[in-house]
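Q: I have a structure with several chains in front of me. How do I read the places where chains meet?

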Amino acid sequence: MESIADIIDILGTIAFAISGVITATKKRMDLFGILIVATVTSVGGGTLRDLLIGKTPVGWLLNTTFVYTILVTTVVGVVFRKQLHYVRKSLFLFDTIGIALYTITGVQMGILIDLHPAICVALGTITACFGGVIRDILCNEIPVIFRKEIYASACILGGVVYIGLMHFGATAGVTAVIAGLTVIVVRTLAVVYELQLPSIYSQAEREEIN
Amino acid sequence: MESIADIIDILGTIAFAISGVITATKKRMDLFGILIVATVTSVGGGTLRDLLIGKTPVGWLLNTTFVYTILVTTVVGVVFRKQLHYVRKSLFLFDTIGIALYTITGVQMGILIDLHPAICVALGTITACFGGVIRDILCNEIPVIFRKEIYASACILGGVVYIGLMHFGATAGVTAVIAGLTVIVVRTLAVVYELQLPSIYSQAEREEIN
Amino acid sequence: MESIADIIDILGTIAFAISGVITATKKRMDLFGILIVATVTSVGGGTLRDLLIGKTPVGWLLNTTFVYTILVTTVVGVVFRKQLHYVRKSLFLFDTIGIALYTITGVQMGILIDLHPAICVALGTITACFGGVIRDILCNEIPVIFRKEIYASACILGGVVYIGLMHFGATAGVTAVIAGLTVIVVRTLAVVYELQLPSIYSQAEREEIN
């Protein structure tokens, strides 16, 4: 079980790092900039979570696997950046499995230090989503998940499922698997059917900004 | 006394969250984005202060009152977003009382861990102002208090008054009330008379950027 | 030795603060905004490092020398902002010596808490570079070191030299001096010969964004 989580973690790290490479190369950053953006996308969510709960030194300082994975991914990603769209589906899969894992890790850490269930769900969502938020801020964009991706809602739902199953006495393993699948299924359905959060803006309001 | 501070805290949280809702809806964010921006505006200053002094888990992780207040405020704020200007004066009042309270809380925390008076004033100002700074960064704007609001100067002044009164032996209660009133009066006068910090730029310099 | 490091630290703080003043006045910020940007440029890198490793309260909260240095530098910098280009070469010198010192301090702190050598180099680079990164984000720009400065590469190289010399048994003093000189020489050569990281973009790609 442990080793499966480790493998998912690496795959998620790769997928996140590549999303950083893609965003950074669009902005024509140099190699150093691309590396930093890839790193932040991968470890940013977990780092923010660790800082908020006071778990320091933060995770990636203690585990060079992530740093080396991100370094190699960045170099490979830059070299093959024109071919990245051929592996888009694999990347989406890794990415989605990655956010499922990060959501669960975040929720678990909250439970471990006795935080309120609602706060645990928030921690899970932060772990999964804030790498992308910081990536977009470094690239001088309004974070994309604040505007159109249903990504975060999948994490919130997965977190709620996790808390609910634990509350009703499910084992840790079953809980993690079902909550993780919830994230994966909701996100995949959202992307396949192009679902977004219901817009709160009228037609007129939307045109105003365009 | 405790319960008055609690009520002010809630009112301040509501006012800050609504300022987040207003900024985020202007950028046509979706519900999730609006919620995050509202949350960050409300708890961002206190969170940064807690991180800097090492008080973790940071405040809002331990108190769901804030999270629920922000959640309800966001939903109500979004639904009635076109009516928000009718309550602008009440919001300004809450907001101003809120920053007064946050300034004092920040200064007090600095004193509690024996920081230098000047650093305590900085902590108070950070607590009151950085929620808005992070809000503007998430919305891809240069923070408004860096450009034209006299908001921060009111906090600095209030902090200095607090430190001064304590130094001259005033009781904690009297000190808090007078320092808080200083923030409220200075900010209100600044807004009513449209005061800004004296511009350091010549007419030519100002036109250059426009 | 201690006092030389202290003097370098002050000179570096001044140089960093002035780079903040220059960036902030270009954006026509008011005095408060300029002060915050100057402060963040000076202490941002060290603050992020302290947060990541859990060394709180972070450094500048415990040492008012920095705060007063930044305050005075900001006021003087604003008053003489049109004359700043006359001292550009001195500023470049201070700035370069400053980043050399910050790199070494960061690497040393990593070693002190037994982090992996690669992570120590990362900590040194963060200490030297992230003040400027946060400055640019507050000013709503893509960080300049992500696009064209060879600044970060000099820090990484200096960090590697530091780790290497310690590994081969050099004394702490010799190691610090040689690693620091590495940063200074590499950066100076890069600026004098206008070196950049080799561009990864084709001519067509570069034109696309322009």
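A: Start with area. The size of an interface is often given as the accessible area lost when the parts come together. Here chain C and chain B bury about 2700 Å² between them, and carbon and sulfur atoms account for 71% of it. Keep in mind that this is a predicted model.

Q: Which residues of chain C lose the most area to chain B?
A: Look for C:R28, C:F32 and C:L61. Together they make up 28% of what the chain C side buries.

Q: How many residues does each chain bring to this contact?
A: Count both sides separately. Chain C gives 31 residues and chain B gives 35 residues.

Q: How many salt bridges and polar contacts cross from chain C to chain B?
A: Take the two kinds in turn. For salt bridges, the rule finds zero across this interface. For polar contacts, the count is three residue pairs, both residues at pLDDT 80 or more.

Q: Which elements of chain C give two or more residues to the side that touches chain B?
A: Match each residue to its helix. The elements are α1 (2-26), α2 (31-53), α3 (64-79) and α5 (117-138) of chain C. The most comes from α2(C), with eight residues.

Q: What classes of residue make up that side of chain C?
A: Sort them by side chain. The side of chain C that touches chain B has 19 nonpolar, six polar and six charged residues.

Q: Now chain A and chain C. How much area is buried between them?
A: Use the area idea again. Chain A and chain C bury about 2700 Å², with 71% from carbon and sulfur atoms. On the chain A side, A:R28, A:F32 and A:L61 supply 28% of the area buried against chain C, more than any other three residues.

Q: How many residues does this contact take from each chain?
A: It takes 31 residues from chain A and 34 residues from chain C.

Q: What does the polar count give between chain A and chain C?
A: Three residue pairs are in polar contact, both residues at pLDDT 80 or more. The search for salt bridges across this interface finds zero.

Q: And which elements form the chain A side?
A: Those giving two or more residues are α1 (2-26), α2 (31-53), α3 (64-79) and α5 (117-138) of chain A. The largest share, eight residues, comes from α2(A). By class, this side of chain A has 19 nonpolar, six polar and six charged residues.

Methods: Residues numbered from 1 in each chain as written. Chains lettered and ligands numbered in written order. Predicted model: local features only at pLDDT ≥ 70, side-chain atom pairs only at ≥ 80, totals over all residues. Heavy atoms only, no water. Contact = heavy atoms within 4.5 Å. Buried area = accessible area lost by both parts, 1.4 Å probe. Salt bridge = Lys/Arg side-chain N within 4 Å of Asp/Glu carboxyl O. Polar contact = N/O pair within 3.5 Å; in protein donor to acceptor, adjacent residues only side chain to side chain. Helix = DSSP H or I, 4+ residues; strand = E, 2+ residues; numbered from the N terminus. Nonpolar A, V, L, I, M, F, W, Y, C, P; charged D, E, K, R; others polar.
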